[in-house]
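Please load the model in your viewer and keep the sequence panel visible. The tour proceeds by selections, each followed by a note on what is found there.

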Amino acid sequence: MNEQRQRGAVCGSQAMPPVTALRWSAALTDAARRHSQDMVSHNFFDHTGSDGSNAGQRISEAGYRWTSWGENIAAGQPTVESVVQAWMGSEGHCRNLMNARFKDMGLACLRANGGTGRLTWTQDFASP
């Protein structure tokens, strides 16, 4: 993801210049993991959690004090490279990944059906 941020990108019709690398955040990773687990456990795919929460609420619950946040989700991609490629092909996801305001990120990937199903990805971004 940071390699992509260093290169810049075109997200839809908007050219996005290179931006600084994201730092890994344990709190954002926890928020992402909990959302992927929720989607896997309750068999749904949405940014809204089964309890009605949004990513900002989940990020706060994980202990991250944010001024801005974003979230990417995906399902079925077998590798980090393939999920990043899918996100870069989607205007909104691409803009999240290339957003210069975001300084930190967390990523989680869980497999559905007790480890035999598709992978469910959540990537959370934020700025303190």
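How many disulfides does a search of the whole structure find? The search finds 1 disulfide in this predicted model.

**First selection: the disulfide.** Select Cys11 and Cys94 and display their side chains. These two cysteines form the disulfide, with their sulfur atoms 2.0 Å apart. Next, inspect the torsion about the S-S bond: the angle is about -60°, so the disulfide of Cys11 and Cys94 is left-handed.

Now colour by secondary structure. Cys11 belongs to strand β1 (residues 9-11), while Cys94 sits in helix α5 (residues 91-97); the pair therefore ties together parts that are 83 residues apart in sequence.

**Second selection: cysteine accessibility.** Add Cys109 to the selection. Is each cysteine buried, exposed or partly exposed? Cys11 has a relative accessibility of 0% and therefore counts as buried. Cys94 is likewise buried, with a relative accessible area of 0%. Cys109, at 32% relative accessibility, counts as partly exposed.

**Third selection: the largest pocket.** Select Met1, Asn2, Glu3, Gln4 and Arg7, then add Val80, Glu81, Val84, Gln85 and Met88; these residues line the largest pocket. Its volume is about 180 Å³.

Which helices each supply at least two residues of this lining? They are α1 (2-7) and α4 (80-88). Helix α4 provides the largest share, with 5 residues. Finally, colour the lining by residue class: 4 residues are nonpolar, 3 are polar and 3 are charged.

Conventions. Residues numbered from 1 in each chain as written. Predicted model: local features only at pLDDT ≥ 70, side-chain atom pairs only at ≥ 80, totals over all residues. Heavy atoms only, no water. Disulfide = S-S within 2.5 Å. Helix = DSSP H or I, 4+ residues; strand = E, 2+ residues; numbered from the N terminus. Buried < 20%, exposed > 50% of the residue type's maximum accessible area, 1.4 Å probe, protein only. 1 Å grid on protein atoms, 1.4 Å probe; cavity = no way out; pocket = protein on both sides within 12 Å on 5 of 7 lines; lining within 4 Å. Points joined across faces, edges and corners; volume = space filled by probe spheres on them. Nonpolar A, V, L, I, M, F, W, Y, C, P; charged D, E, K, R; others polar.
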